[in-house]
Structure formats: structure tokens, C-alpha cells
Amino acid sequence: MKNKTLIIKALEQTAIPVLHITAVSDETVTCMNSKFGGEFYLPQGEKIPVSPEGEELKFLAQINFSEAEPFEGFPKQGILQFFVDTNEEHFFDKLEDEELKKELYKIRYYPDPDKALQQTIIYQKKNENRNDLRTSWLEGKISFQKEQEITNLSTYMDSETPWEKSGNSLRKQLPSLISKAGYDLENNEEDTDDFFWDFGNWGCKAGGYPAVRQGDIRDDYEEYKSYTTLLFQYDFTTREELEEDTFVFFIKPEDLEACRFDNVLLYWHNCY
């Protein structure tokens, strides 16, 4: 029997606030609400973001901070939106190029949204020959839950990033701690799946620790180490499907404090 509480208690010094985000599909939702998919806030003078190839980006979600409990470091009001180019050809061609990758996503922030300015959204006709990343995107009004979460535990134990608050001494104790908690990561595949589900920090959220799986892109590039805040995580992962897509958006804390969202880092992965 697994005792994950043993690990949680040992790592409680690493706990930080997180704003968990879930979809509530049976509630009435408008273009002003925090939401996944559907019609979004588009004031007069704005157009739907497009790729350099002229294709409209996919609207993932928007957060209306006035609907959420005040969350330290994040705006107290305004609408923040996330768009991604879901054309598979564009996505995988550009993903590994750190400059071209910036063409794959767009973040918009409206500090003072006004419902009276809302336009009628007219979408471009989709190219039927185009292959998209997936079809079952999240939909519905967003519900918020403010909690605490401990550092992410992944197969990439050499990463320094998740251990800023705990130090190397605690990290060295992890193998014996994991074993005492009943997870046999050497010989039992089901235990391994249980462990990475229990301590992967999955789900959609703002703040907290990212689900980085086998590695953290911020460890690979010196210039990315300053992107220390998880702005938004859009995640499909479940216990049954541990290799689903996860979109992670990082931001520098000084940019978040100033509500500047033109320099956000995207990390995407779909296996652990």
C-alpha cells in the first residue's frame, strides 16, 4: 500500500501556492468569463491572432482575474488569453527552434476589459487538409481552487530547478524516502506510473510547480533560468493517460508583476 503522505510531509518545506483550474461544463459562460475554448473576449480593433502563414491560432483559455481569489504575484483584474498554433506541420517544425517557436503561441492581456466593446467573432474556414495536434480540447467555464503543492518529482532528478527551496540534502534522501512510501521504481511499472501520477503536479493551473516530466527546459538554456514563475499550465494528463499533451507557459517574475506578457516561454511535452 502506498503512503504518499510520507513524501508530502517530508517535502512540505518546498510547498508553494498554486491556483488549480478546472472546467465546469454545465455552467453558463460568456465571453467575459474565465473559460476554456468557445467565444472569447475580442474588443473592437483586435483580430484573432494568426500564424505567419496566415492561419488563425487556437484559443486555449482565458483567465479573468477578477473572478479568482487574489493570488500573490498575479494580476488582480484583467483578462489573460492563451493561443497556440495547432497545425501539426507548423508546430513540430518550429518547436525545436528557439526563435521560430515564438511563432507558435500568443499571449494577450486586457487590463480593463469592457463587455460593450465585444465584437462578433467570425472564424476563418479551416483547411480540411490540415492536420491538428488533437481534437478534444478543453471546454467550459473555469473554476478556481487555491491550494499548496510540493515540488515536482520526475524521472529527471538531476534538475536543480525544482529544488530551490529544499536543497541537495533533502534530494539525496529521496530514494530511501520513495522506497519507504511503498513505490518500487526499479522493478514495478505500475508503481512507477502511480508515483509519477501522484507527484507529477499535473492539471491546469496558474502558479505552483510545472509538470516537467523528464526534464525542465530552463535547465537546458542559461537564458531561460530567469523564467522562474509558472504563468499557466494547460494539461490533458490523467492517471490512465500519462502521455497526454501538456503546455507549460513560464514568465519572469518582474514581467508578471508589471503585467508584461510579450516575453513568455512555452514548453510542451507528452511523455514521461
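A salt bridge here is a side-chain nitrogen of Lys or Arg within 4 Å of a carboxyl oxygen of Asp or Glu. Keep that cut-off in mind for Glu98 and Lys101: their closest N and O atoms are 3.4 Å apart, so the pair makes the list. One thing to know before going on is that this is a predicted model.

How exposed are these two partners? Glu98 has a relative accessible area of 18%, and Lys101 comes in at 4%. Buried means under 20%, so Glu98 counts as buried, and Lys101 does too.

Let's step back for a moment. Side chains of opposite charge can pair when their charged atoms come close. In this structure that happens often enough to give twelve salt bridges. A few of them are worth a look one by one.

Take Glu103 and Lys94, whose side chains meet with N and O 2.7 Å apart. Here the two partners fall into separate classes. Lys94 is buried, at 6% relative accessibility, while Glu103 sits at 29% and counts as partly exposed. The cut-off explains the split: partly exposed covers the range between 20% and 50%, so the 29% of Glu103 lands inside it.

Now move along the chain to Arg260 and Asp255, another salt-bridged pair, with 2.5 Å from N to O. Asp255 is the buried partner, with a relative accessible area of 7%. Arg260, on the other hand, is partly exposed at 40%.

Some charged side chains don't stop at a simple pair. Lys2, Asp191, Asp194 and Arg239 are tied together in a network of salt bridges. If you're clicking through the model, bring up those four residues together.

The backbone has a couple of oddities as well. Most residues other than glycine have a negative phi, and most peptide bonds are trans. Which way does phi go at Asn201, positive or negative? Asn201 has a positive phi, near 55°, and Asn201 isn't a glycine. You'll find Asn201 in the loop that runs between α4 (189-198) and β7 (204-207). Although Asn201 belongs to a loop, the residue is buried, with 11% relative accessible area.

Cys259 is another non-glycine residue with a positive phi, near 55°. Its loop lies between α6 (253-257) and β10 (265-269). How accessible is Cys259? At 28% relative accessible area, Cys259 is partly exposed. So one of these positive-phi residues, Asn201, is buried, whereas Cys259 is partly exposed.

Technical notes:
Residues are numbered from 1 along each chain as its sequence is written. This is a predicted model: local features need pLDDT of at least 70, side-chain atom pairs count only at pLDDT 80 or more; totals for chains, interfaces and linings use all residues. Side-chain values use heavy atoms; hydrogens and water are left out. Buried means under 20% relative accessible area, exposed over 50%, partly exposed in between (1.4 Å probe, protein chains only). Helices (H or I, at least four residues) and strands (E, at least two) are DSSP runs, numbered from the N terminus.
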